[in-house]
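Got the viewer open? Let's take a walk through this one, stop by stop.

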Amino acid sequence: MEKTLFEITKMDCPSEENLIRMKLQGVSGIKNMLFDIPNRKLTIYHTGGIEQIEKLLGELKLGDKKIKTEQTEEINFAENSNQRKLLWTVLGINFLFFVLEMVTGIFSKSMGLVADSLDMLADSFVYGLSLLAVGRTLSRKKQIAKLAGYFQITLAVIGFLEVLRRFIGTEKLPNFSTMIIVSIFALLANGICLYLLQKSKSKKEAHMKASMIFTSNDIIINLGVICAGLLVNWLNSNKPDLIIGTIVFVLVIQGAMRILKLGK
């Protein structure tokens, strides 16, 4: 058994971790992968040569660099089923609020809520794509990734067009109270997700830390939508709602592009 340490300069959230896991899942010599996302490090335990692994990592264009390879006697890599259950729980909460924010965003005419709902959907894809693809062929996994990525991009583009229409037109003001109330509930949901992740016995592991960072970023977006709702009421203008919606749509497209890399 050997272990090889890589530096992955563009690995800064769970999206890149899932990209790498799915890209390398078909390599029979890989026994385990440990991700240190805050420090952008990846340790791969494997048998046989490292050449195929290096080639596949290079295809993702995430700035990979092999640091060292050394022998190791570690051979037991048991999967923690509690982690899987926890991630399924977080996925379910995110998808539930995707539906809630999408529906309330449409009825309240708030692009901020609609955009935040797509961010929740993107989180669901990040947490669930690898779980849903377990046991399937590599080609099937690529099809799932393409479908997820193109679906997100399509929704985000439609959102951009709607934002543009509202900037140009004379659309009614969004319901600021609905924006604030629903965003507060989404904030609480993300707070629960963060609490569950922090409560986990495996919270010190790198990928769980990364999930907590990811959820913390969602909390910041929720606060942004709440602030936009307050500004809509204060300024009597829909511009704050459109601005926060645009910012979140950009984040959704960036996440979708990462997922699409899996389909190549």
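Start by selecting Ile67, which is partly exposed because its relative accessible area of 41% falls short of the over 50% needed to count as exposed. Keep in mind that this is a predicted model. Ile67 sits in strand 4, residues 64-71. Now show what surrounds Ile67: leaving out residues up to four places away in sequence, it touches Leu5, Phe6, Glu7 and Lys41. Pick Lys41 from that set and check the spacing: the C-alpha atoms of Ile67 and Lys41 are 9.6 Å apart, with their positions 26 residues apart along the chain.

Next, go inside. Select Phe97, Phe98, Leu118, Val248 and Phe249, the residues with the most contacts within the largest nonpolar core, which has 31 residues. Colour the helices that give two or more residues to this core: helix 3 (81-108), helix 4 (111-133), helix 5 (138-168), helix 6 (176-199), helix 7 (206-235) and helix 8 (239-260). Helix 4 supplies the largest share, 8 residues. Zoom in on Val248: setting aside neighbours within four places in sequence, Val248 is in contact with Ala115, Asp116, Asp119 and Ile221. Then jump to a second, separate core of 18 residues, with Phe6, Ile30, Leu56 and Leu60 among them.

Last stop, the surface. Select Leu164, Phe167, Ile168, Ile243, Ile247 and Leu251, and you have a nonpolar patch of about 570 Å². Helix 5 and helix 8 each bring at least two residues to the patch. Is Ile168, in helix 5, buried or exposed? Ile168 is exposed, since its relative accessible area is 66%.

Note on methods. Residues numbered from 1 in each chain as written. Predicted model: local features only at pLDDT ≥ 70, side-chain atom pairs only at ≥ 80, totals over all residues. Heavy atoms only, no water. Core = buried A, V, L, I, M, F, W, Y, C linked by side-chain atoms within 4.5 Å. Buried < 20%, exposed > 50% of the residue type's maximum accessible area, 1.4 Å probe, protein only. Helix = DSSP H or I, 4+ residues; strand = E, 2+ residues; numbered from the N terminus. Contact = heavy atoms within 4.5 Å. Patch = residues over 30% accessible without salt bridge, like charges linked within 9 Å, V, L, I, M, F, W, Y side chains within 5 Å. Areas by Shrake-Rupley, 256 points an atom, 1.4 Å probe, with all protein chains shown as cover. Salt bridge = Lys/Arg side-chain N within 4 Å of Asp/Glu carboxyl O.
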